[in-house]
Amino acid sequence: MGRMEYRDLTEPIEALEEEILSMWEQERTFEQSLALRDGAPEFVFYEGPPTANGRPGVHHILARTIKDTVARYRAMAGYHVTRIAGWDTHGLPVEIEAEKRLGISGKPEIEQIGIAEFNQACRDNVFTYKEDWERLSQRIGYWLDYDHPYITFRPEYVESVWWALSEIDRKGLLYRGFKVLPYCPRCGTGLSSHEVAQGYADRSDPSVTVRFPIVGEKDRSLLVWTTTPWTLVSNVAVAFGPGISYVEVERDGERFVLSGARVQELFGDDARIVRDVSADELAGLT
């Protein structure tokens, strides 16, 4: 029988981790795991690429642990699991960082210095924290092939995206539609929900009360309260609550229907309330 070794569990866990990581690197454990599965059914995993001009955070550990679990499960199930690393080199995080380095802000100033110079500035900063990302991957035992990553600004990647789009169009699956998206007037571009969340901040803003004249009723309007006035261009209806008390207020010969709770704030203490208005009465108005 072979000799069994026991480790002192009081030894700092960091030292044990470093020893394991060092052993994996020296023995090329990841590469050997791939070689042992040569000829096996293929399971291909392309990393959803991070943007390497920003440092990784603790939240990336959770996502990468889940990804690694899937890949390791497939390997244990007998597959040859190709794990390709990637770098996202497009998007606002890259462009905004380039603007900071150039001391400019917004599309007009980008166009003044020239698109070519701005693109080069983006390329120069896109891999600022590449080593930090690779070190995090190694530290948490997240196995990826960083020797052959895909990089989104490379022509072959861009051309592959155009090819995929052309195939979708060729099969008649591409169509034109409409979708409401957050828009940044400073950047001159639509925003993803992730990009909006990156700039999220609690702040106090004045709400807006919009006047909607009632069709067929002269000098009578609804006062509608909203905290999202930018959605008004796509609104098709006014919502009311059956459990809310509404009133009609008269001012300077005009009548306004609104929530009773908002009368004092909009019209002051001297508001002239003509009558109560039921939710049933509001239903069906145009």
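**Exercise 1. Strands in a sheet**

In which sense do strand β8 and strand β9 pair, and over how many bridges? Work this out in the predicted model, then place the two strands in their sheet.

Solution. Begin with the general idea that strands of a sheet pair through backbone hydrogen bonds, either parallel or antiparallel. Here β8, made of residues 246–251, and β9, made of residues 254–259, pair in the antiparallel sense over six bridges. Within this pairing, valine 247 stands opposite leucine 258 in β9. Next, widen the view to the open sheet of five strands, whose order is β6-β7-β9-β8-β10 and whose pairing is mixed. Its edge strands are β6 (208–213) and β10 (272–277), each of which pairs on one side only. Neighbouring strands of this sheet are turned by 30° against each other on average, with direction ignored.

**Exercise 2. A residue of β9**

Determine whether arginine 255 is buried, partly exposed or exposed, and list its contacts beyond its neighbours within four places in sequence.

Solution. First, locate arginine 255, which is found in strand β9. Its relative accessibility is 30%, and because partly exposed covers the range between 20% and 50%, arginine 255 counts as partly exposed. Then, leaving aside neighbours within four places in sequence, arginine 255 is in contact with Lys218, Asp219, Arg220, Ser221, Glu248, Val249 and Glu250. With one of these residues, glutamate 248, the side chain of arginine 255 makes a polar contact, side chain to side chain, at 3.4 Å. Finally, the C-alpha atoms of arginine 255 and isoleucine 273 are separated by 9.4 Å, and these two residues lie 18 residues apart along the chain.

**Exercise 3. Aromatic rings**

Classify the ring pair of phenylalanine 43 and tyrosine 79 and the ring pair of tyrosine 150 and tyrosine 157.

Solution. A search of the whole structure finds nine aromatic pairs. Phenylalanine 43 and tyrosine 79 form one with 6.4 Å centre to centre and 65° between the planes, and since planes over 60 degrees apart count as edge-to-face, this pair is edge-to-face. The pair links distant parts of the chain, with phenylalanine 43 in strand β1 and tyrosine 79 in the loop between α3 and β2, 36 residues apart. Tyrosine 79 is partly exposed, with a relative accessible area of 26%, and the charged end of arginine 74 sits over its ring, 5.2 Å from the centre.

For the second pair, the ring centres of tyrosine 150 and tyrosine 157 are 5.7 Å apart and the planes are at 20°, so the pair is stacked. Tyrosine 150 counts as buried at 16% relative accessibility, whereas tyrosine 157 counts as partly exposed at 30%.

Key: Residues are numbered from 1 along each chain as its sequence is written. This is a predicted model: local features need pLDDT of at least 70, side-chain atom pairs count only at pLDDT 80 or more; totals for chains, interfaces and linings use all residues. Side-chain values use heavy atoms; hydrogens and water are left out. Two strands pair if DSSP finds at least two bridges between them. Helices (H or I, at least four residues) and strands (E, at least two) are DSSP runs, numbered from the N terminus. Axes are lines fitted to C-alpha atoms, for helices over the stretch in contact, and angles run from 0 to 180 degrees between N-to-C directions. Rings of Phe, Tyr and Trp (its six-membered ring) pair if their centres lie within 6.5 Å; planes under 30 degrees apart count as stacked, over 60 as edge-to-face and the rest as tilted. Buried means under 20% relative accessible area, exposed over 50%, partly exposed in between (1.4 Å probe, protein chains only). A charge sits over a ring if NZ of Lys or CZ of Arg is within 6 Å of the ring centre and within 35 degrees of the ring normal. Contact means heavy atoms within 4.5 Å. A polar contact is a pair of N or O atoms within 3.5 Å; within protein, one must be able to donate a hydrogen and the other to accept it, and residues adjacent in sequence count only if both atoms are side-chain atoms.
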